[in-house]
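What follows is a guided walk through one protein model, taken slowly and in a few stages. Please keep the sequence and the structure in view while reading.

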Amino acid sequence: MECEVLIETAPDSVGVDPVVKVTDFAAGRGWSDPTQSSDRAHWCCEQLEEGRILGFEDIPFDFPEADRQFLLQQRQSDTRVHKNISYRPKQDALHGNASERKEDAGRLHGIMRHYSREATEFLARVLAPYAAHWSLDYASFRPQEERGRKLPLHKRNDLLHVDAFPSRPTRGNRILRCFTNINPNQPRIWLTTDQFAELAVRFAREAGLEEIARNGNGRSWLNALKRAMGLKAANRSAYDKFMLRFHDYLKENGRFQGSCRKIQLAFAPQFTWVCFTDSVPHAVISGQFAVEQTFIVPINAMIHPEKSPLRVLERFAGRSLTADAALQPG
Ligand code: SIN
Ligand code: FE
């Protein structure tokens, strides 16, 4: 199955397909030429670091038909499944499951465990240079139709943004995500736009980079209070604070959302795509039933760390955006 790309080119810009298809890797077989696997994996990492999206037709790892059917039925038979269902591989824990029947909950848990393991093994081969260094984050099942969802502005998925996690600061490490569209009939439609560095040139100052860089590496009074009360508090570096602000700033900026160059990506049924969502701007316009696995990849594992959002922002700010945070206890 395909990924259809529709590029709306603004008069002053050149359209470039952001999706790079990888056609020499398949489920069960791996790389078609094993002698090239190390070069191919290196190339794949470089493509991601350039801000591209790697695309795979058909699901490039084991995902039994019966498991996908079960996930599709979940939504149809249980209208209370409103939220994404998340799976935490490190704890082997499932969250957000609204299923009443215990055996269904057990099955769902087993399916997500298997999916997470398979997606991880797949990426460990395709992105081998990262695999020894990354930290496995959450996986999710997304059973909601995205078109027409009623969500508060900052949570809306249909507005272009780059990802930042409020509860899991990365301190410049990268957010890598692998998605698969398991809808048998409908594509999942994304929009993307100019790359992170271009958005940063246009908007980082207005979004408050300089002030955050000046003040941002210290502890906030709120977090200090939370810690004093024995509560968990995210230890955010200036980088994390800026990326959270930038996420909100882009969603709040109606002029940008309305007038920016848009590239529409239609991810067909069974298509799998992988990108750094902290630097690839994205919005999901429509689609229902996707699964996703997230990894946090250390900036030091990048082949070209200078292309990472942290380094791009540090060049603009003229100072480190993580200096003190790493020294503070979590
Ligand atoms: C997002 O990270 O914005 C969601 C993307 C998706 O669910 O397709
Ligand atoms: Fe996102």
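Two histidines make a convenient starting point in this predicted model: His 161 is buried, and His 282 is buried as well. Both of them belong to a metal site, for the iron ion (ligand 2) is coordinated by the NE2 atoms of His 161 and His 282 together with an OD atom of Asp 163, at 2.1 to 2.2 Å. Read along the chain, the donors of the iron ion follow the spacing H-x1-D-x118-H. The two histidines thereby link distant parts of the chain, 121 residues apart, with His 161 lying in the loop between strand E8 (135–142) and strand E9 (174–181), and His 282 in the loop between strand E12 (272–276) and strand E13 (283–286).

Further along, the loop between E13 and strand E14 (290–297) holds Gln 288. Because the relative accessibility of Gln 288 is 19%, and buried means under 20%, this residue counts as buried. The side chain of Gln 288 reaches the backbone oxygen of Pro 143, at 3.0 Å.

The last stage concerns helix H10, which covers residues 309–317 and in which Pro 309, Leu 310, Val 312, Leu 313, Glu 314 and Ala 317 are buried. These buried residues of H10 pack against strand E9, the strand that also borders the loop of His 161, and against three helices, namely H5 (196–203), H6 (209–215) and H8 (238–252). After H10 comes Gly 318, a residue whose phi is positive, near 70°.

Methods
Residues are numbered from 1 along each chain as its sequence is written. Chains are lettered from A and ligands numbered from 1 in the order in which they are written. This is a predicted model: local features need pLDDT of at least 70, side-chain atom pairs count only at pLDDT 80 or more; totals for chains, interfaces and linings use all residues. Side-chain values use heavy atoms; hydrogens and water are left out. Donors are N, O and S atoms within 2.8 Å of the metal (3.2 Å for Na, K and Ca); water is not among the atoms, so sites may look incomplete. Helices (H or I, at least four residues) and strands (E, at least two) are DSSP runs, numbered from the N terminus. Buried means under 20% relative accessible area, exposed over 50%, partly exposed in between (1.4 Å probe, protein chains only). A polar contact is a pair of N or O atoms within 3.5 Å; within protein, one must be able to donate a hydrogen and the other to accept it, and residues adjacent in sequence count only if both atoms are side-chain atoms. Contact means heavy atoms within 4.5 Å.
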